[in-house]
Amino acid sequence: MTGRAVVIGAGHYLPERVVPNAEFEATLDTSDEWIRTRSGIERRHFAAEGETTATMATEAARAALADAGVDADDIDTVIVATSTPDLVFPSVATMVQAAIGMKRGFAFDLQAVCAGFVFAMANANALMLSGQARRVLVIGAETFSSILDWSDRSTCVLFGDGAGALVLELQEGAGTSADRGILGTDLNSDGQYRDLLYVDGGVATRKGGKVRMQGNLVFRHAVEKLAETAGAALQNAGLTAQDVDWIVPHQANIRIIQGTARRMGLPMDKVVVTVQDHGNTSAASIPLALSVAHERGQIRPGQLLVTEAIGGGLAWGSVILRW
């Protein structure tokens, strides 16, 4: 028998404020058509005053726990993937731990920008297979509206806020690719591309920063690297693209999503797409998409999913998961 990290619950949270593309027309040289054509985004959610990454992560965590039918004290570990924490320290994860009433185990944040949730899932899987945790709450949460340059039409129209969460439980499998749970992972980074997508400030520089991106260059890297990492993770699991029921990609740009699916030889009707409603929520985008698809019955137990993402660093990776 082989241990597998199996999803037993999913949940998400989105701020009440919905911002349609048309809202940007009053302050920027842009239009709803321009944004839709280039990104596929129609609207996004922005956090309200006093609403933070930790508060959104907590709501997503509560929803996932309820879906799983477990209590906070049943959880051994909380991992939060985020690039927009409330404070320098303590971690968002420990804030969530306290907010849900979890008084045991351990909690920590992980930062790999848009690839953060994939990295967090791979780390959760490793902790579980090594015997350090039996149940792990994995959360992606972002308040990207706090680091956007509202005069830069190439970036500020792309991002949104929100949170998504999964509860993973260690279960026994047969050791084959038919098992439920995480079947394969692939993680990568290459720091030579740091200037393609970054925030131009931080604690050590003693200045606040905003998102800066060379969109065309990021696009070129994204399609190639995402298809490659998905292929590598599938190979690690002893599977091929033809075994895949759903691609659940990082929701950054519809063109990247379409290009990756083409490279993998899969049709768009096998891709979960939420970018039109949420925009790019960075580390929150994959768990948001998973939770939404789960909620509407789009993905079902036993189906094979590929999740893949790329973000600043550059950092990219994928997880193969049987739901």
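This report describes a four-stranded sheet, the salt bridges and three selected residues of a predicted model.

## The sheet and the helices on it

Four strands make up an open sheet, in the order β8-β13-β12-β11, and their pairing is mixed. The edges are formed by β8 (181–189) and β11 (246–249); each has a single partner strand, so one side of each is left without a neighbour in the sheet. On average, and with direction ignored, neighbouring strands of this sheet are turned by 15° against each other.

The partner of β8 is β13 (residues 315–322), which runs antiparallel to β8 and is joined to it by 8 bridges. One of the residues concerned is G181, whose bridge partner in β13 is R322. Helix α4 (residues 116–129) packs on the sheet and touches β8, β12 (304–311) and β13. The direction of α4 makes about 55° with that of β13. A further helix, α8, lies across β11 and β12 and runs at about 155° to β12.

In general, the strands of a sheet pair through backbone hydrogen bonds, in either a parallel or an antiparallel manner.

## Salt bridges

The structure holds 12 salt bridges. Three of them are listed below with the N to O separation and the relative accessible area of each partner.

| Basic residue | Acidic residue | N to O distance |
|---|---|---|
| R4, 13% | D179, 8% | 2.9 Å |
| R43, 27% | D277, 26% | 2.3 Å |
| R212, 23% | D200, 24% | 3.0 Å |

The side chains of R4 and D179 meet in a salt bridge. This pair links distant parts of the chain, since R4 belongs to strand β1 (residues 2–13) and D179 to the loop between β7 and β8, 175 residues apart. R4 is buried, because its relative accessible area of 13% falls under the 20% limit. D179, at 8%, counts as buried by the same limit of 20%.

The salt bridge between R43 and D277 also links distant parts of the chain: R43 lies in strand β3 (residues 43–46) and D277 in helix α7, 234 residues apart. Here R43 is partly exposed, at 27%, and D277 is likewise partly exposed, at 26%. Both residues take part in a network of salt bridges that links D32, R36, E42, R43 and D277.

In the salt bridge of R212 with D200, R212 is in strand β10 (residues 211–213) and D200 is in the loop between β9 (197–199) and β10, so the pair ties together parts that are 12 residues apart in sequence. R212 is partly exposed at 23% relative accessibility, and D200 is partly exposed at 24%.

## Two buried residues: A141 and S282

A141 is part of strand β6 (residues 135–143). With 0% relative accessibility, A141 counts as buried. Its contacts, apart from neighbours within four places in sequence, are T53, A57, A81, T82, T84, G162, A163 and A284. The C-alpha atom of A141 is separated by 20 Å from that of M213, a residue 72 places away along the chain.

S282 is located in the loop between α7 (275–278) and α8 (285–295). S282 also counts as buried, at 0% relative accessibility. Which side chain makes a polar contact with that of S282? The partner is E142, at a distance of 3.1 Å. E142 is also among the residues in contact with S282 once neighbours within four places in sequence are set aside; the others are V113, C114, F144 and H250.

## A partly exposed residue: Q171

Q171 lies in strand β7 (residues 161–173). Is Q171 buried or partly exposed? Its relative accessibility is 27%, so Q171 counts as partly exposed. The side chain of Q171 is joined to that of E169 by a polar contact of 2.8 Å. Beyond neighbours within four places in sequence, Q171 is in contact with T2, G3, R4, V6 and I8. Among these, R4 is the residue of strand β1 (residues 2–13) that forms the salt bridge with D179. The C-alpha atoms of Q171 and D269 are separated by 31 Å, and the two residues are 98 residues apart along the chain.

Technical notes. Residues are numbered from 1 along each chain as its sequence is written. This is a predicted model: local features need pLDDT of at least 70, side-chain atom pairs count only at pLDDT 80 or more; totals for chains, interfaces and linings use all residues. Side-chain values use heavy atoms; hydrogens and water are left out. Buried means under 20% relative accessible area, exposed over 50%, partly exposed in between (1.4 Å probe, protein chains only). Contact means heavy atoms within 4.5 Å. A polar contact is a pair of N or O atoms within 3.5 Å; within protein, one must be able to donate a hydrogen and the other to accept it, and residues adjacent in sequence count only if both atoms are side-chain atoms. Two strands pair if DSSP finds at least two bridges between them. Axes are lines fitted to C-alpha atoms, for helices over the stretch in contact, and angles run from 0 to 180 degrees between N-to-C directions. A salt bridge is a side-chain nitrogen of Lys or Arg within 4 Å of a carboxyl oxygen of Asp or Glu.
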